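Colleague: I should like to learn how to read helices, strands and cores in a model. Please take me through an example.

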Amino acid sequence: MSSTKYINPMLDWSFKKIFGTDPNKDLLIAFLNEVFKGRKKIVDLVYNKTEHHGNNKKEGSAIFDLLCTGDKGEKFLIEVQNGKPVNFKKRAIFYTSRLISEQAPKGEMDTWKYDITEVYFVAILEKTLEVQERYFRDICLCDRDTGEIFYDELGYTFIELSNFVKTSNELESELDRWLYYLKHLSEMDDMPPHLRKTIFEKLYNIADYTKMTKEEQDIYDQELKRKWDNEAVREQSFLDGEERGRVEEKKEIALSLKKMGLSPEQISEATGLTAEEIANL
């Protein structure tokens, strides 16, 4: 089904294939080190389970895309969202809260003293969370009045690729290159010569559709089709909403014309509504 040489890394399965296995963790380490822009230097990662259940049946489960522990014990939760996110900020808070609360030892609270590890949420979004032009937002707890950082060991990074509009000739940093690849990899026929680097050559090799097994190609094709189907549903819902809006606008105009004493025939000619629709107003 795929009509391109490289898979789309913004699909869940593709992202996990590229970044979510031990042989490829050097890719994730390199990417995260650029995301943190020198504030952290990650040397190694361990992949953790991605499904976290509550303490009882009434507590909801949290299923992450990728969860890793850094060499200093930090938790890195990486989420990929290729559709329009709903309540995504609240989801981020819920996920990180679950990772923090799970650190409490059972029955040893007096000796534990709330010595929690660092927790970081990194979201890579195809669409924007809200109307704004920034593509990279680094968020932590700070004093509302002074802007002084209150707590720096809980952080949220939101990368919104639809706002990343740099061309291949405008890339200024390694992070720019990573974001460019994440957004445009599935549109490329080959790696641009001036962007060649060992870490990215490995990424291209992993993402080559023709080098995947038949089973992998089938899984990818199914996920790609699911993405297209979801986009078609969203588009149709948008069009249906627009149509309903136009009909309601016509009815409001017709009602005003009716109150002005115009005949049903005149109102129908002006609005396109049927005589029955006008009579029911």
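Modeller: The following turns discuss two helices, a core and a pair of strands. This is a predicted model, in which local features need pLDDT of at least 70, side-chain atom pairs count only at pLDDT 80 or more, and totals for chains, interfaces and linings use all residues. Residues are numbered from 1 along each chain as its sequence is written, and side-chain values use heavy atoms, without hydrogens and water.

Colleague: Why is helix α1 described as largely enclosed by the rest of the structure?

Modeller: Buried means under 20% relative accessible area, with exposed over 50% and partly exposed in between (1.4 Å probe, protein chains only). Helices (H or I, at least four residues) and strands (E, at least two) are DSSP runs, numbered from the N terminus. Helix α1 covers residues 12-19, and six of its eight residues are buried, so it is largely enclosed. Among them are W13, F15 and F19.

Colleague: Which residues of α3 are buried?

Modeller: In general, an α-helix has 3.6 residues a turn, so residues three or four places apart point the same way. In α3 (residues 88-101), the buried residues are F88, A92, Y95, T96, R98 and L99. They fall within an arc of 150° (directions from the helix axis to the C-beta atoms), so they line one face of the helix.

Colleague: How many bridges join β4 and β5?

Modeller: Two strands pair if DSSP finds at least two bridges between them. Strands β4 (residues 66-70) and β5 pair in the antiparallel sense over four bridges, and L66 stands opposite I78 in β5. Six of the seven residues of β5 (residues 75-81) are buried.

Key
Expected span 1.5 Å × (residues − 1).
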